[in-house]
Every structure is written in C-alpha cells, then in structure tokens.
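Trainee: Hi, have you got a few minutes to go through this model with me? I'd like to get a picture of it before I start working.
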Amino acid sequence: MAGYSIESEGYSAEIAQAGAGLRAVRWGDQLLTETWEIEPGVKPPLSAGLVLSPWPNRTGDGTYTFDGVTYHLPITEAGRNNAMHGFVRMVDWNILDQTGSSVTLGVAVGQHPGWPFELQLTADYTVGADGLTVTHTATNNGDQTAPYALGQHTFVRVGDDPADDCSLQLAAQKYQPLDPARQLPAGDPVEIAGTDYDFRTPQSLAGRWLDTPFTGMVDDNGIIAHRLVGPKGTTELWTDLNFGWVQAFTADPGHDQAYPGRGRAVAIEPMTAPPNALASGTDLIVLQPGQVWTGRWGLKYLDRP
C-alpha cells in the first residue's frame, strides 16, 4: 500500500493509496490531524482519514429502496445489523495525477450485492497558503439513476495539545438524536439551543463523549467552518455547502475506542447526508446518468487572537 507526500507554503500532507486515506496534515512540524502507520491490509485505527462512500455511516439492516426497487447490502457491522461506510475505504485507489503540492486519486466503486450502480470517484488533495483543500467528485457512468452520499473520517488535533485541553466549535444549529443500541436516527433533528449539544461557541471536550451527527449549518459566505480550539492555536475544518452534516466523535478508552498513542481524540467528519440516508432519503444525492457531483472541504491552522 503506497503513500504520497505533498507540501507547499508551510503545509504538508500524507495520503495513503488505500481508502484515499488522509494519513497526516501538518503546519510546519505541528500535526493538524491524528496520524497512523501504513500497514498493507490493515485498516487505520477507527477508520481515521478514510473516504466513506457511496454512503457514510450506517444503513440499518443493510436495506434501502431506491426508484421503487428494494436492495439489500452486505452487513458489515454485525453487532448492530448495519451496512457501514460504503465500499471504498479499504480498496487501493488509482493514482491519477501528482505534483509537489497535490495528488489526485480515483476509484470505481464497482457493483456489489445490493449496489448495481456504476460510480467513479476521485479525491484531489492540494496544499497551499490556505492549508489543505480536498476536492471530491462522483460521476455516474451507468445507464440508471444512482444514489450517492459521502463522508470522510477526519480526526483533527492542534499540535501536541491533548484533546481534553481543547474546545470544540461546530457551525451547526441542530443535532440528530440516535438510537444508542444501533446508532441510527431516532426522530427528527433537534434544535441545539439549551441542550448539551450546543457547540456554536467553543465548548471544552474534557470528559465529553460524542458520536453525534449535527446539521442546520451556518452559511458564512458559502463556507461552513468547524474548529478545534487549543490553548495556543486552532485547527479549522471547513466545507462548502454540499456538506450539510458533520459527525462529531470522540475516541475514548472509557468506551473501548482509544486512539493508539493518544487515548482520547476527536473526529470532525464532514458528511453530505446523515446516518441511514440510503433508507430515509434525507439529503441523499441523486445522480442522473453522466452527471458529475463535486464537493470541497479543507483544513487550516489559525493562530489564536
């Protein structure tokens, strides 16, 4: 399993061929993401950095109906009877282009049980003065309409600051309640005002455990900005308006999900749709034959004022 390194204007990034995984982002020598070792055939810890498509998160019972046809996906989360995170997170993507500051990878999703659609995906990683920019495309190369959604399992950090010394800020006005047994939506999204899920201003992560989807994003001139605020600086994960959802997740030894070498860690996962979107249709992208979808997100370092 190969890896690729890019750098420019003080930023650098490392991308793995498997899953088009974002292995590391740095500003100078300061890590802005958690990192991991590339080991052939071994999934990164907690799917860190991997592209999740053609659906992110979970599809309950692996079952969904699209254009009047019911499909059954393979169950990949047996304990909860869910189909999880799509088909491309542990396959080798093809290198399409590389320069000193960018690398583009692509993969055909292929046909699978419960998935007869022909999608081609690309992920372009570019670093420059504005940090890392990730550009995703999905092309429907088939002759039938196809469903599509995307996420990326991005663990963020602010240098060596422990997660519990940082605060989380999300540009979201609602959170999605989940059934704790299966991590599937339980009811409609809820306004965050007056709840423990109000991260519109930075909230300490000390002792907090999250595995929660958020939506109702605040549009700041076409950008949605989420931040991990450390004692001396801030890592910002921004998206364009295609990413109307974000999953906040804390790796936590107390929940038997420690991040290797760090223990507690936090993921800010940009998503185009919520859990179970294939079944519910909520914010599901529908691609006509020949149609191309494009979405962007990125990471950058901000000095604290």
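**Strands, sheets and pockets**

Mentor: Sure, and keep in mind that this is a predicted model. Let's begin with E27: Ala265, Ala267, Glu269 and Met271 point one way from the strand, Val266, Ile268 and Pro270 point the other way, and all are buried.

Trainee: Why do the side chains go two ways?

Mentor: Because in a regular strand the side chains alternate between the two faces of the sheet.

Trainee: How many of the residues of E27 are buried?

Mentor: Seven of its seven, so the strand, residues 265-271, is mostly covered; buried here means under 20% relative accessible area.

Trainee: And which strands pair with E27?

Mentor: Strand E26, residues 245-251, runs antiparallel to E27 and is joined to E27 by seven bridges. Strand E16, residues 155-156, also pairs with E27 in the antiparallel sense, over two bridges.

Trainee: Which residues stand opposite each other there?

Mentor: On the E26 side, alanine 251 stands opposite alanine 265 in E27. For E16, valine 156 stands opposite valine 266 in E27.

Trainee: Switching topic, what is the order of the open sheet of four strands?

Mentor: The order is E1-E2-E3-E4, and the pairing is antiparallel.

Trainee: Which strands stand at the edges?

Mentor: Strand E1 (3-8) and strand E4 (30-31) do. Each has a single partner strand, so one side of each is left without a neighbour in the sheet.

Trainee: What about E2 and E3, how many bridges do they have?

Mentor: Five bridges, in the antiparallel sense, between E2 (residues 11-16) and E3 (residues 22-27). One of the residues to look at is glutamate 14, whose bridge partner in E3 is alanine 24.

Trainee: Okay, pockets now. How much space lies in the largest pocket?

Mentor: About 340 Å³. There are 21 residues lining the largest pocket, and the closest to its centre are Arg58, Met84, Asp211, Phe249 and Gln257.

Trainee: How does that lining divide into nonpolar, polar and charged?

Mentor: Five residues of the lining are nonpolar, nine are polar and seven are charged.

Trainee: And the second largest pocket, how much space is in there and what lines it?

Mentor: That pocket holds about 220 Å³ of space. Its lining is made of Gln169, Leu170, Ala171, Arg200, Val218, Asp220, Ile223, Ala225, Arg227 and Glu236. By type, the lining of the second largest pocket has five nonpolar residues, one polar and four charged.

Trainee: I also clicked on glycine 79. Where is it found, and is it buried or exposed?

Mentor: Glycine 79 is found in the loop between strand E8 (69-72) and strand E9 (82-84). Glycine 79 is exposed, because its relative accessible area is 82% and the cut-off for exposed is over 50%.

Trainee: How far apart are glycine 79 and alanine 206?

Mentor: They are 127 residues apart in sequence and 29 Å apart in space, C-alpha to C-alpha.

Trainee: Let's zoom out. What does the secondary structure of the chain come to?

Mentor: One helix and 29 strands. Of the 305 residues of the chain, 54% count as buried.

Trainee: How does the radius of gyration look for a compact globule?

Mentor: The chain has 18 Å, which agrees with a compact globule, because one with 305 residues would be near 19 Å. Along the principal axes, the C-alpha atoms fill a box of roughly 55 × 50 × 40 Å.

Trainee: Last one: among contacts between residues at least 6 apart in sequence, what share joins residues at least 24 apart?

Mentor: That share is 66% in this chain.

Technical notes: Residues are numbered from 1 along each chain as its sequence is written. This is a predicted model: local features need pLDDT of at least 70, side-chain atom pairs count only at pLDDT 80 or more; totals for chains, interfaces and linings use all residues. Side-chain values use heavy atoms; hydrogens and water are left out. Buried means under 20% relative accessible area, exposed over 50%, partly exposed in between (1.4 Å probe, protein chains only). On a 1 Å grid over the protein atoms alone, a cavity is a set of points where a 1.4 Å probe fits but cannot get out, and a pocket is an open set with protein on both sides within 12 Å along at least five of seven lines; lining residues have an atom within 4 Å of a point. Grid points are joined across faces, edges and corners, and a volume is the space filled by probe spheres set on the points. Ala, Val, Leu, Ile, Met, Phe, Trp, Tyr, Cys and Pro count as nonpolar, Asp, Glu, Lys and Arg as charged, and the others, Gly among them, as polar. Two strands pair if DSSP finds at least two bridges between them. The radius of gyration is taken over C-alpha atoms; the globule rule is 2.2 Å times the number of residues to the power 0.38. Contact means heavy atoms within 4.5 Å.
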